[in-house]
Amino acid sequence: MTPPITILFHNARLIDPEAGTDEIGALLVRQGRILARPDSGQSHDAILRPHGLTLSDVQMIDCAGKCLAPGIVDIGVKVCEPGERHKESYKSAGLAAAAGGVTTIVTRPDTTPAIDSPETLEFVTRRAQADAPVNVLPMAALTKGRDGREMTEIGFLMDAGAVAFTDCDHVVRDTKVFSRALTYARSCGALVMAHPQEPNLSGGAAATSGKFAALRGLPSVSPMAERMGLDRDIALLEMTGARYHADQITTARALPALERAKANGLDITAGTSIHHLTLNELDVADYRTFFKVKPPLRSEDDRLAVVEAVRTGLIDVISSMHTPQDEESKRLPFEEAAAGAVALETLLPAAMRLYHAGLLDLPTLFRAMALNPARRLGLASGRLAVGAPADLVLFDPDVPLIMDRFQLQSKSKNTPFDTQRMQGRVLATYVAGQAVYRKDL
Amino acid sequence: MQPPSFDQPHLLGIEPLRPHEITAILDLADDYVVLNRQTEKHSDALSGLTQINMFFENSTRTQASFELAGKRLGADVMNMAMQASSIKKGETLIDTAMTLNAMHPDLLVVRHPHSGAVDLLAQKVNCAVLNAGDGRHEHPTQALLDALTIRRAKGRLHRLNIAICGDIAHSRVARSNLILLGKMENRIRLIGPPTLVPQQFSEFGAEIYDDMREGLKDVDVVMMLRLQKERMDGGFIPSEREYFYRYGLDAEKLALAKPDAIVMHPGPMNRGVEIDGTIADDIKRSVIQEQVEMGVAVRMAAMDLLARNLRAARSGGGR
C-alpha cells in the first residue's frame, strides 16, 4: 500500500444525494475516508488548521467547478470469469468501471459455471482482488446451477463474502423452491435479487409487444409478464418476509404493484437499467442486435413512467446491467443474437441525458446510482458524509463527445451508444482516496 | 428511356418501397407475363449475371419460381439448399454470406427462418439481395405477385376492400400484403382468431374481425393464408376441424363477399383446414393458379430492375 495521503478537493460542485444538494464546496479526504466537508468560502488554511494540517501535508485538487459525487455502486455487473474470460475479465471490467466512475461493482453469478459454491466464490474473489482497481462485491446464485431446483449454501456463501443471492435472468419457476429459498435467506439475513418475469409468457420473446414488434415480425412479450412476475414475488414476500430486490422494473404496469408492496411495509426495493431509462423499442430499428437486452426495450410511455418512478424514489436503483458479449454472439439474426450490453463506461454519460433533458437532477441520479444501492447492501459508501469511504467520481456533466465503442476498456464492445452523441465525461475516479482513473486533461 | 422509377439496391421488403416503385415492378411484370405465354420465353436481361438462391428454409414453389425467372432472363442460376450444408457444420450466416460473396454473385435470393436475417446479410455483400421470406417479417415478391393478380383481375389496385384471413401472426405474407395494399390505398380487413391476429395491426389502419362472416361482407378480394403449423410453439387453436368450421373458407361464407369477389391463396393449401377444396378449384372465383403464373413474372421484373440498378451503380462508380 502507498502511504496514506491527504487530499483537499476544492472548488468542486458537490453532488450530495443524501442531502439532495448540488453546490460548490470542498472535501477533505484522509486515509481513504472523508475527513471533513468545510464550508465554501473558507481559506485553505482555515480548512486545514483544525485538523492539524498545513498546505505542505496536503495534495490540493482544484476541481474547477466540475462535479464531485460519490462513486457509483453498480448492482448486477457481469464479469465473465470463470468461463468466458475473452468477453470480460476482472482486470478489464475493473478498468472499465474506473473509467466510468464506478467505484463498487456488485457482480453477477451467471457465469459458466455459475458462482454457486463457496469454492467458486473464493476463486472469483481472489481474481478480483488481484486484478480490479475498484471494489468488487460478489453475488452468488440462489439455486445450484441457477436451475431453480435446490438452494445454494447461502450461509457458507455469505461467510465467503456473497452480498446478495440471485439466479439473474433465470426465474425460479417452482414457487415452492423459491418460497423455501426466500425463507431460508431471511433466516440468514440475506438479500435476494430476482428477475420479475412470468417465464412462460415471456419465453422465446425478443421484443416487447406492440406496433414495432408486429411490423418487424419479432416474437414479443406483453409488458404484463413483468407485472405478473412481480405480483408473484410480492405474494411470496408476504409469506416469507424475505429481503428482496427486483433487478429491473421496466414497465409502467408493474409500478402500482411495487408501490403497494412498499406501502405495506415489505422489505422490497427495485432497480432498473440505464438502457431502459434512455432507449426505447424503436431504437432496435433495422434489427440492431446491440439494442437487444433482457427484458427487451420498452415503449416510450413505459420509459417515461420508469424515469418518473426513479425521480419519486419508487424505483430505488439504476444499474448498468453490464453484460459483455463478443462480436460473434451479436452478429446474428436478431432472434438468435445474445442479449445484453456493456455499460460500465456509458452509464454516466447516458445518465447525463436524463439530466440534460430536465427529467432528473444530479442528486437524484446519484441517489439511485450510489446512495441507494450502497444502503441496500449495507455499505458505508455512496455518500459525501464525514467518515464515509472516499469513493468519489469527478466528472464534467456538459462536455460533448461521440461514443466510439472501440475506445472502451471492456474487452467486449457491445454498446448501443456506439457513434451516438452524448454529454458527460469522467475526469477522475477515486477508491478509498486513491486515484484509480484520471482523464488526461 | 423514362426517368428512373425504381431506385433500390435490394428488395428486402415492401416497407422501403414507394408506391411508384411498386407500380414500376408491376408494369414490367405485365410485359413478362406476355413473354412467358409465348413458346419462345427467353430474354437476355440478366445475361452474364450470376444468381444464387440461398434457401435456409424449405421451399419448393418459391425457389422454383425464382429459378425459372432467372433462367428465362438468361442468368446463370445456382441453387443452394442451406439447411443441408455449412449451417449444420456451425458456420454463421455472415461467414456463409462472405464466402458466397467471394464468388461474385450479382443477385442473391435469400430465404431464412429468422426475421431480419436477410437485412443482415444484405449489409455484408456487394450484390443485389432479394428477400424470399425472412421469419415472420416480409415476403415482398409474394405481396407483389398478389398485387399483380388483383390488378389484373379487378382492373385496379386501389379502393378495394380486401380481407386477409387466417394465421396473420406467423405470416410474412400477411405483413408484406398489409403494407403493400395499404400503400396503394385499399381498405384491409384482417380476419382470424385473436390468438393468430396481433391486435397491434389495427394501428396500421387495418380493421380486425374475429367473426369471419362479419368480416367477409362486401369484400372484393379474399386472401386466405395457410395455417403455419411449423411456426406454432403452443396451442393457438383448439383443433383443425373447429378452425375450419369458424375460419375455413367455404361456399356459405364466401357468399357474403361481393358476387365477383376473387379468392387467393399463397399456397401450399391445407384443403379442409383453411379452404374448402371446391372453392379452391372453382375457376370462376379462385385465382390461385394465376398467382403462381404472376409469381414468375413479378420475380423476373424485380430481378431485371435490380440488375439495371446494379449495372448502373457499377459502371457509374456510384453506390
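B:Glu15 and A:Arg216 form a salt bridge, with their closest N and O atoms 3.1 Å apart. Keep in mind that this is a predicted model. One salt bridge is the full count between chain A and chain B. Seven residue pairs are in polar contact between the two chains, counting pairs with both residues at pLDDT 80 or more. On the side of chain A that touches chain B, there are eight nonpolar, three polar and five charged residues.

How many residues are in contact? Chain A brings 16 and chain B brings 19. About 1,700 Å² is buried between chain A and chain B, and carbon and sulfur atoms give 60% of that. In chain A, the residues that lose the most area to chain B are A:Lys211, A:Leu215 and A:Arg331, together 34% of what that side buries.

Now to chain A itself. Chain A is divided into domain 1, which is 7-68 + 390-403 + 421-438, and domain 2, which is 71-376. Their contact takes 27 residues from domain 1 and 24 from domain 2. The C-alpha centres of the two domains lie 30 Å apart. Between these domains about 2,000 Å² is buried, with 70% given by carbon and sulfur atoms.

The domain interface also has one salt bridge. That is A:Arg375 with A:Glu18, closest N and O atoms 3.8 Å apart. Six residue pairs are in polar contact there, again with both at pLDDT 80 or more. Which strand gives the most to the domain 1 side? Strand 17 of chain A does, with nine residues. The residues of that side divide into 14 nonpolar, five polar and eight charged.

Key:
Residues numbered from 1 in each chain as written. Chains lettered and ligands numbered in written order. Predicted model: local features only at pLDDT ≥ 70, side-chain atom pairs only at ≥ 80, totals over all residues. Heavy atoms only, no water. Contact = heavy atoms within 4.5 Å. Buried area = accessible area lost by both parts, 1.4 Å probe. Salt bridge = Lys/Arg side-chain N within 4 Å of Asp/Glu carboxyl O. Polar contact = N/O pair within 3.5 Å; in protein donor to acceptor, adjacent residues only side chain to side chain. Nonpolar A, V, L, I, M, F, W, Y, C, P; charged D, E, K, R; others polar. Domains from an automatic or database assignment. Helix = DSSP H or I, 4+ residues; strand = E, 2+ residues; numbered from the N terminus.
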